[in-house]
Number of protein chains: 2
Amino acid sequence: MARSKQQRSVETREAILRAAAAVFEESGYAGASISRILQRAGATAGSLYFHFKSKEELARAVMTAQPETIVPHLASEGLQRLVDITLVWCHQLRLDLTLRAGVRLTTEQTTFGMADAAAPYDEWVAIMADVLETAAERGELQPGIDPKGLATFIVEHCTGMQLYSAARSSDRADLPQRVVSMWQLLLPGIAVPTVAVRIETRPDRFHPTAA
Amino acid sequence: MARSKQQRSVETREAILRAAAAVFEESGYAGASISRILQRAGATAGSLYFHFKSKEELARAVMTAQPETIVPHLASEGLQRLVDITLVWCHQLRLDLTLRAGVRLTTEQTTFGMADAAAPYDEWVAIMADVLETAAERGELQPGIDPKGLATFIVEHCTGMQLYSAARSSDRADLPQRVVSMWQLLLPGIAVPTVAVRIETRPDRFHPTAA
């Protein structure tokens, strides 16, 4: 059966996004050119500009796609779900080009001065705060722990962890161990004791595959 | 009294380093040129290459100078000293060009692939682990807290905090409040209760001046 025009348009948009992620991941924002993205996607300039107004809008779409590379892999709830976000994230950072490009762009953009540069961080904070609200309702958090404040803390920490890890080796080989260490240090101070002991933090809890 | 030749050499080296910090801070590693650094320092190429072999060596010297912009301002010991490092750091990041350039280069260098990219992080970990060894000897830390592990955690967190803060606003206006929030979340889990209550975390504890 022939694909509909709309279906082809969705596929073209996805091919352009994947190509953009690959080029941004390899060359960064400044080094990426629209012509290389077109060549890699096998698309025309007309179809690219139909979907994205500019290189900045393409970069923004790649940054915004970060949660889509992680959230579908989650099955747990409450505090375990928050831990699982970080475990899937550190796996996917090695497998998923779109996530790696999104993280690189988010780190770089402070330098190239994109408008609303904090948006990708804020989006992660909103997702994690939502998960922590559920954890609080389930009685998993210690009294006085503010979901939004803790979510901000986790986003700050994950940002720094992946950067230090990438400075150590380009494949971020020690990132899973850093994630485990973070939770070992944090859990006793944020979770009620009965929950803290049953949260699983093994990095091999997930074996997600590339998108 | 005429300055000695050695004194003039030290002054030239410092002028070149300050100029390099200003240019790196403004334009990043890729955008900085030796000719602009020379122009700003009012120095000759011969004197620059006498002190520094390459742009990379200049960048490394700027990154390595980070602790010098902070450690001289400290007077406390133990856990309070660790807290004070982070309080002075978030003040100085707004005042001290050399520190700001060092932080920018450290963040960027993963991208431009400098050898031994983790060294500036490792140096901070060593400084903080040393301070935490003293805290442990003074009985300030809870049992099971590993000085090196906690020092790594603080460096990871400060890295992410300043990046998120810089994405929010280029002058990192909310960084002092982020530092306070970090300690409010961490102290109950790492310090013994009698110490946790007397650690001061007010951001206005220090008013250091530019170097």
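Begin at the place where domain 1 of chain A meets domain 2 of chain A, for across that interface the rule finds 1 salt bridge. The model you have open is a predicted one, and every value on this tour is computed from that model.

**Stop 1: the salt bridge inside chain A**

Select A:R100 and A:E25 and show their side chains: these two residues form the salt bridge, with their closest N and O atoms 3.0 Å apart. If you then widen the view to the whole interface of domain 1 and domain 2 of chain A, the rule finds 3 residue pairs in polar contact there, both residues of each pair being at pLDDT 80 or more.

On the side of domain 1 of chain A that touches domain 2 of chain A, colour α1 (5-31) and α4 (55-64), each of which supplies at least two residues. Which of the elements gives the largest share of that side? It is α1(A), with 8 residues. Sorted by class, the side of domain 1 of chain A that touches domain 2 of chain A has 5 nonpolar, 2 polar and 4 charged residues.

**Stop 2: the two domains as wholes**

Now colour chain A by domain, giving one colour to domain 1 (5-61) and another to domain 2 (67-205). The contact takes 11 residues from domain 1 of chain A and 11 residues from domain 2 of chain A, while the C-alpha centres of the two domains lie 28 Å apart.

Between them, domain 1 and domain 2 of chain A bury about 980 Å², and 67% of this area is on carbon and sulfur atoms. To see where domain 1 of chain A loses the most area to domain 2 of chain A, select A:E25, A:Y29 and A:R60, which together account for 51% of what that side buries. You have already met A:E25, as the salt-bridge partner of A:R100.

**Stop 3: the annotated spans of chain A**

Select residues 10-70 of chain A, where UniProt, in an unreviewed entry, places the feature "domain: HTH tetR-type". This span is 77% helix and 0% strand, and its end C-alpha atoms lie 21 Å apart.

Next, select residues 33-52 of chain A, which the UniProt annotation "DNA-binding region", also from an unreviewed entry, covers. Over residues 33-52 the chain is 75% helix and 0% strand, with the end C-alpha atoms 14 Å apart.

**Stop 4: where chain B meets chain A**

Finally, show both chains, and look at the interface in which 29 residues of chain B are in contact with 29 residues of chain A. The area buried between chain B and chain A is about 2,600 Å², and carbon and sulfur atoms give 70% of it. Select B:E156, B:Y164 and B:L185, which supply 26% of the area that chain B buries against chain A, more than any other three residues.

How many salt bridges does the rule find across the interface of chain B and chain A? It finds 4, and you can display one of them by selecting B:R168 and A:D122, whose side chains meet at 2.9 Å, N to O. Across this interface the rule also finds 9 residue pairs in polar contact, both residues at pLDDT 80 or more.

To finish, colour α6 (97-112), α7 (119-137), α8 (147-168) and α9 (175-190) of chain B, the elements that give two or more residues to the side of chain B that touches chain A. Of these, α8(B) gives the most, with 14 residues, and the residues of that whole side of chain B divide into 16 nonpolar, 7 polar and 6 charged.

Notes: Residues numbered from 1 in each chain as written. Chains lettered and ligands numbered in written order. Heavy atoms only, no water. UniProt positions renumbered as here; feature names shortened; annotations may be inferred. Helix = DSSP H or I, 4+ residues; strand = E, 2+ residues; numbered from the N terminus. Domains from an automatic or database assignment. Contact = heavy atoms within 4.5 Å. Buried area = accessible area lost by both parts, 1.4 Å probe. Polar contact = N/O pair within 3.5 Å; in protein donor to acceptor, adjacent residues only side chain to side chain. Nonpolar A, V, L, I, M, F, W, Y, C, P; charged D, E, K, R; others polar.
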